[in-house]
Amino acid sequence: MALNQGYAEYNRNKILTASPAELTLLLYEGAIKFCNIALIGLEQNDMEKVHANIKKTEDIIVEFQSTLNHKYAVAEDFDKIYKYIYQLLVDANIHKDKETLEKALEEIRGMRDTWKEVMNKTKTAPAGATINYGG
């Protein structure tokens, strides 16, 4: 029991001390985790587990959408991607469809991987440097 409390406290401190970029990464990781748990639920024919974890993933996607800063043009692109992922999750939940859920998971992983790249580029950039994320 003490080990679980220690782990919970560690996770709580990790969240409380994380930068906004790190919090975003943690949210992506959480969405991936919940999708994987939902996939396990499908394999186990546990529809309650599937539904609950897809809903958790949907909540994270909604949070991403609601915190977009629309003064930047790229926010519109992110909004479209998040709407697409959200719709995949809804469809996967309604139809309990593994393929659709895996497609959503793939999209979320892609977003997470892109976010990691951005974090790494900004970490290694010289102070005051501008990083061009466009093509």
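For these notes, a salt bridge is a side-chain nitrogen of Lys or Arg within 4 Å of a carboxyl oxygen of Asp or Glu. I'm working from a predicted model. My lookup gave six salt bridges in the structure.

**Entry: helix H3**
I went to Glu-58 and found it bridged to Lys-55, with the closest N and O atoms 3.2 Å apart. Both sit in helix H3 (residues 47-66), three residues apart, so about one helical turn separates them. Then I checked accessibility. Glu-58 comes out at 3%, and because buried means under 20%, I have Glu-58 down as buried. Lys-55 is at 34%, which I log as partly exposed.

**Entry: helix H4**
Next I looked at Lys-80, whose side chain meets that of Glu-76 in a salt bridge, 3.6 Å from N to O. I place the two in helix H4 (residues 74-95), four residues and about one turn apart. Lys-80 has 52% relative accessibility; since exposed means over 50%, I call Lys-80 exposed. Glu-76, at 48%, goes in my notes as partly exposed.

**Entry: helix H5**
I then pulled up Glu-102 and Lys-98, which form a salt bridge at 4.0 Å, N to O. They are four residues apart in helix H5 (residues 98-124), so I put them about one helical turn from each other. I get partly exposed for Glu-102, at 36%, and partly exposed for Lys-98, at 40%.

**Entry: network**
Last, I looked for shared partners. I found Glu-29, Arg-112 and Asp-113 joined into one network by salt bridges that share partners.

How values were computed. Residues are numbered from 1 along each chain as its sequence is written. This is a predicted model: local features need pLDDT of at least 70, side-chain atom pairs count only at pLDDT 80 or more; totals for chains, interfaces and linings use all residues. Side-chain values use heavy atoms; hydrogens and water are left out. Buried means under 20% relative accessible area, exposed over 50%, partly exposed in between (1.4 Å probe, protein chains only).
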